[in-house]
Amino acid sequence: MPYDFPSIVILTGAGISAESGLQTFRGDTGLWEDHRVEDVATVQGFHRNPSLVYEFYNARRRQLQDVTPNGAHDALAQLEAEYPGSVTLITQNIDDLHERAGSQNVVHMHGQASSALCSHCGARCSWKGDMKESSLCSHCQRAGGLRPDIVWFGEIPYEMERIEKALEACGIFVSIGTSGNVYPAAGFVNLARQVGAHRVELNLEATSGGAFDEGHYGLATQVVPSWVKKVLSR
């Protein structure tokens, strides 16, 4: 197996945080924790009912205080620390469990629950407590402009140029705990294929399309540490 490439790009989705107690984005019902995605993850939903959206993400932010990184997060932090080449970790998740496990080169393409975005001045700032319409931006000190710093449906993900450059240079692309249905992240494996990268899937089950050269299936806390151990042993 071609594991001697110097650059690894990893994409993680909700499946890697599920074993820490964080629910995946959408279940079989199409709802996100009993809410329609259109109501809590779109600009239109925010404008219709800002109080609902504020409270929804306030609850997510509070939940982060009660969960901890699991063995899959720990293994990826170990990989970054010990692998002789570069490791870029792109996550679709809005939690901070990768950072709390020790990963440093993390790209949050969909934003973070613990961050606020100001529509008045454009600033992004750390936000640990509850957010409401009257909350003041720590940069411009104006009220009424803050929203959760989340990339909602219909918006452009963060740092796409950086992501594309990393994919163009990678020798190994790894997809962990994601269904592969949400673009643009769903297209990353094809970009990796175009540059000849070895493509690995670590997931509960195989995704459709046969886009990967290698697959390991089961709980993230089992398959991710096992794969990392194999890479580091080589």
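The side chains of Asp 213 and Arg 199 meet in a salt bridge, with N and O 3.2 Å apart; a salt bridge here is a side-chain nitrogen of Lys or Arg within 4 Å of a carboxyl oxygen of Asp or Glu. Asp 213 lies in the loop between strand E10 (198–203) and strand E11 (214–217), whereas Arg 199 belongs to strand E10 itself, so the pair ties together parts that are 14 residues apart in sequence. Helices (H or I, at least four residues) and strands (E, at least two) are DSSP runs, numbered from the N terminus. This is a predicted model, in which local features need pLDDT of at least 70 and side-chain atom pairs count only at pLDDT 80 or more, while totals for chains, interfaces and linings use all residues. Residues are numbered from 1 along each chain as its sequence is written, and side-chain values use heavy atoms, with hydrogens and water left out.

**Salt bridges**

Side chains of opposite charge can pair when their charged atoms come close. A search of the whole structure finds eleven salt bridges, and three of the pairs are set out in the table below, with the relative accessibility of each partner. Buried means under 20% relative accessible area, exposed over 50%, and partly exposed in between (1.4 Å probe, protein chains only).

| Pair | N to O distance | Acidic partner | Basic partner |
|---|---|---|---|
| Asp 96 and Arg 100 | 3.0 Å | Asp 96, 17%, buried | Arg 100, 37%, partly exposed |
| Glu 155 and Arg 147 | 2.9 Å | Glu 155, 28%, partly exposed | Arg 147, 12%, buried |
| Asp 213 and Arg 199 | 3.2 Å | Asp 213, 42%, partly exposed | Arg 199, 8%, buried |

Elsewhere, Arg 36, Asp 39 and Arg 48 are linked in a network of salt bridges.

**Paired strands**

Arg 199 also has a place in the strand pairing, since in E10 Arg 199 is the bridge partner of Phe 173. E9 (172–176) and E10 run parallel and are joined by five bridges, where two strands count as paired if DSSP finds at least two bridges between them. E9 is mostly covered, for five of its five residues are buried: Ile 172, Val 174 and Ile 176 point one way from the strand, while Phe 173 and Ser 175 point the other way.

E1 (7–12) is likewise joined to E9 by five bridges in the parallel sense, and there Thr 12 has Ile 176 as its bridge partner. Six bridges join E1 to E4, which also run parallel, and in this pairing Leu 11 stands opposite Ile 90 in E4. Five of the six residues of E4 are buried. E4 in turn pairs with E5 over three bridges, again in the parallel sense, with Val 106 in E5 as the bridge partner of Leu 89.

Thr 12, which lies in strand E1, is buried, with a relative accessible area of 0%. Its side chain makes a polar contact with the side chain of His 98 at 3.0 Å; a polar contact is a pair of N or O atoms within 3.5 Å, and within protein one must be able to donate a hydrogen and the other to accept it, while residues adjacent in sequence count only if both atoms are side-chain atoms.

**Helix H6**

The buried residues of helix H6 (residues 160–168) are Met 160, Ile 163, Ala 166 and Leu 167. They cover an arc of only 125° around the axis, which puts them on the same side of H6, the arc being that of the directions from the helix axis to the C-beta atoms. The face turned away from this buried side carries the exposed residues Glu 161, Lys 165 and Glu 168. The buried residues of H6 pack against several elements, including strands E1, E4 and E9, where contact means heavy atoms within 4.5 Å.

**Nonpolar cores**

A nonpolar core is a set of buried Ala, Val, Leu, Ile, Met, Phe, Trp, Tyr and Cys residues joined through side-chain atoms within 4.5 Å. The largest one has 23 residues, of which Tyr 57, Ala 116, Trp 127, Met 131, Leu 146 and Trp 152 touch the most other members. The elements that give two or more residues to this core are helix H1 (37–40), helix H3 (50–64), strand E6 (111–118) and strand E8 (146–150), and H3 gives the most, with five residues. Apart from it lies another core, of 22 residues, among them Ile 16, Val 87, Leu 202 and Val 228.
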